[in-house]
Structure formats: C-alpha cells, structure tokens
Amino acid sequence: MFNRRCFQTIARAPSLIFPLAVLLVAALALPHSAQASDNFYLQYRHWQPYDWPEDVPSATEVSRSQRGLGWRHQGNAIKFGVDYDYQPLRIRSGAPAHNGHLHRLTFGGQWQLRLYRVEARAGLAGTSNMFKHQEFHSDVVNGRVAMFRAVSEDSPLSLGVGGDHRFGSFRWLPRVRWQHASENGQWLIDLPVMLRWQSPGERWELRLERKGDRWATLDKAREVESALYLREWRTELTYRIGSGRQWWPSVVLGIGASVDTRVRYRDLDAGTLDLRLGDALFGTIRLVW
C-alpha cells in the first residue's frame, strides 16, 4: 500500500499526466472494431558489453539486457496496450546514485478520428529500490504524447508535434509522418524519430528508431533523489517464424545495433555525468500469442 510520500509524489506529478490520462480514457471510449484482435508477448533482448568511455584503471565494462512482456489490443481506428520491462544497466564505475535495475510500466495507445491521430503513453519508471521500499519522487511519473493532422482526407502525409524523452530531457519537437503501402510492403516515416519497413505479410521488418526515456533513481542509502536518462539510435531487422495458433506462439527473431548510446545520471562523487557508452550489437527473441 502506498505511503504518504507516494501520494505527495503523485500530487506533484507534471501537468502533462492529466491530459495524457484524458486522452487514454477517450481512446477506450471509442467504439471497438468488429475486426479487433488481441495478443500477448514476452521478449528478451541482450546487448554486447559497452566499454567504459573513460580511461579509469578500476573501470569495468557496462553490461545491458532487457526483459519485457505486454498485451496489445488492435482495431481499425484504435490500438491500446500495457507494457512492462526490466532493464539491468550495470555501471560498476565511480559512485552512481542508482542501483542499475530499471523498471518501467506504461499503458497507452494510438487512435485515429478522421484527419486526426493521437499517440499517448503514461506510466511509472524507476529503480528497483524505489518500488521495493515505496519511496517515490516526482520523476517516477513518465509519459509521451504526439498529435498529428493529415494534410487531406486521402493524403498519406500528416503534420504534428510530439513530446517525450527521446533526446534527453522532456522536449516538444515538430513531427512529419508519411505512410504508404504497396505490393513491396508498408513504409512508415515519422521524422525525426522513426523509419520502418514491413514486408508483405509482415514477416520481415526493418526499423530505425530514436529511443530514449527517463527513470527515477535513488542511491543505495535512499537519500539522494535523481534521475537516469538513457537514449540512443537503434536499428533492428526482425523475422517472424510462423503465425501462431491457439496456445502456440509465433516467434520473432531480431538482430540490430544501438548507435551513439548515451547515459546521463548522478554520481555521488563526480556530480552529473553525461557519458557516451558507444555502439553495440544486440539480439532479440519475442514470443507472441
């Protein structure tokens, strides 16, 4: 049960969360499509170790992996989902004011209404000791939102604006979205954050995407409140094996690279550090029911 400090944290949450919640409720209130589908997934991703970016005798490489699960509902005009992931980012150099065990729980989706499209997600993201001891601060509440308007009813081009932590601290950026489907597959270009191609039948997918988020942190003594920002450019090629039936899942295998990975966090001795971890290959396995 949340303690008094948790309730105070929620009361101090950024004003962005209220409009996000309104948008999500509005999405759930829209009529459901007769062709709607649901699926559940489990995922594991593992990166090559990152070399420590500074020449420190006692420094060791940074290891990284990610485990995730979630549920998706998809219709003609609405997509909604709940996602959880746990990402150990083990920085064993200096005196980081976090334990490296990053948890994130989000819910949200996207929906279309005539010329307008809205994408929104909200949730909690923080280190494991925050959830274990229920000692939260305001950075644990997180979210992202984007709003688009099509140029015309038949145009594949939409213009909009989005706000998130993809490039570090929360910021608003103009967005240009273009979507096209042909016999060669489906293209989606969402500048400046994503480019995606899917083959006919969606068996192959190639994606280049800007990833970035914020996790609230506490040091080991649970006295120093701060935040960790992780951002990167990520490219991945995936292949889906089978289409899944009843209790047997389809399997998605992926190989990719994280490029220009950067992490910003508080160090108890050195203050705020903004480090470039570098580039690393990774592999992904995903089970979808």
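Is Ile-91 buried or exposed, and what is its relative accessible area? In this predicted model, Ile-91 has a relative accessible area of 9%, and it is buried because that value lies under 20%. The residue belongs to the loop between strand E3 (78-90) and strand E4 (101-113), and it touches Trp-52, Val-62, Pro-96, His-98, Val-263 and Tyr-265 when residues up to four places away in sequence are not counted. A further relation involves Arg-64, which stands 27 residues from Ile-91 along the chain, while the C-alpha atoms of these two residues are separated by 9.2 Å.

The setting of this residue can be described for the chain as a whole. The chain has three helices and 14 strands, and of its 289 residues 44% are buried. Among the contacts in the chain with a separation of 6 or more, 55% are between residues 24 or more positions apart. The area that the chain exposes is about 15,700 Å², of which carbon and sulfur atoms supply 58%.

Two charged residues, Arg-234 and Glu-209, may be considered together. Arg-234 is part of strand E12 (residues 225-241), and Glu-209 is part of strand E11 (residues 204-218). Arg-234 counts as buried because its relative accessibility is 11%, and Glu-209 likewise counts as buried because its relative accessibility is 12%. The two residues are in contact with each other, since Glu-209 appears among the contacts of Arg-234 and Arg-234 appears among those of Glu-209. The side chain of Arg-234 is joined to that of Glu-232 by a polar contact of 2.6 Å, whereas the side chain of Glu-209 is joined to that of Arg-207 by a polar contact of 3.2 Å. With neighbours within four places in sequence left aside, the other residues in contact with Arg-234 are Arg-45, Trp-47, Arg-64, Arg-207, Leu-208, Lys-211, Ala-257, Ser-258 and Phe-282. For Glu-209, with residues up to four places away not counted, the residues touched include Arg-166, Val-193, Met-194, Glu-232 and Trp-233.

Gly-278 lies in strand E14 (residues 271-288) and is buried, because its relative accessible area is 6%. Pro-53 is 225 residues away from Gly-278 along the chain, yet the C-alpha atoms of the two are separated by 7.6 Å. Beyond its neighbours within four places in sequence, Gly-278 is in contact with Tyr-50, Ser-258, Val-259, Asp-260 and Thr-261. Ser-258 is thus listed for Gly-278, and it is also listed among the contacts of Arg-234.

Asp-260, one of the residues in contact with Gly-278, has a place in strand E13 (residues 250-267). The phi angle of Asp-260 is near 55 degrees, which is a positive value in a residue other than glycine. Asp-260 is partly exposed, because its relative accessible area of 27% falls between the limits of 20% and 50%. A positive phi, near 60 degrees, is also found at Arg-222, another residue other than glycine. Arg-222 is located in the loop between E11 and E12, and it is partly exposed because its relative accessible area is 30%. Another backbone feature is the cis peptide bond that joins Leu-191 and Pro-192, with omega at about 10 degrees. Pro-192 lies in the loop between strand E9 (185-191) and strand E10 (194-198).

The interior was also searched for enclosed space. Rolling a probe the size of a water molecule over the atoms shows where empty space is left. A search of the whole structure finds one cavity of 30 Å³ or more, and the volume of the largest cavity is about 30 Å³. The lining of the largest cavity is made by Gly-162, Gly-163, Asp-164, Arg-171, Leu-173, Arg-175 and Val-193. At least two of these lining residues are supplied by strand E7 (157-164), and at least two by strand E8 (171-182). By class, the lining divides into two nonpolar, two polar and three charged residues. Val-193, which takes part in this lining, is also touched by the buried residue Glu-209.

Methods. Residues numbered from 1 in each chain as written. Predicted model: local features only at pLDDT ≥ 70, side-chain atom pairs only at ≥ 80, totals over all residues. Heavy atoms only, no water. 1 Å grid on protein atoms, 1.4 Å probe; cavity = no way out; pocket = protein on both sides within 12 Å on 5 of 7 lines; lining within 4 Å. Points joined across faces, edges and corners; volume = space filled by probe spheres on them. Helix = DSSP H or I, 4+ residues; strand = E, 2+ residues; numbered from the N terminus. Buried < 20%, exposed > 50% of the residue type's maximum accessible area, 1.4 Å probe, protein only. Contact = heavy atoms within 4.5 Å. Areas by Shrake-Rupley, 256 points an atom, 1.4 Å probe, with all protein chains shown as cover. Polar contact = N/O pair within 3.5 Å; in protein donor to acceptor, adjacent residues only side chain to side chain.
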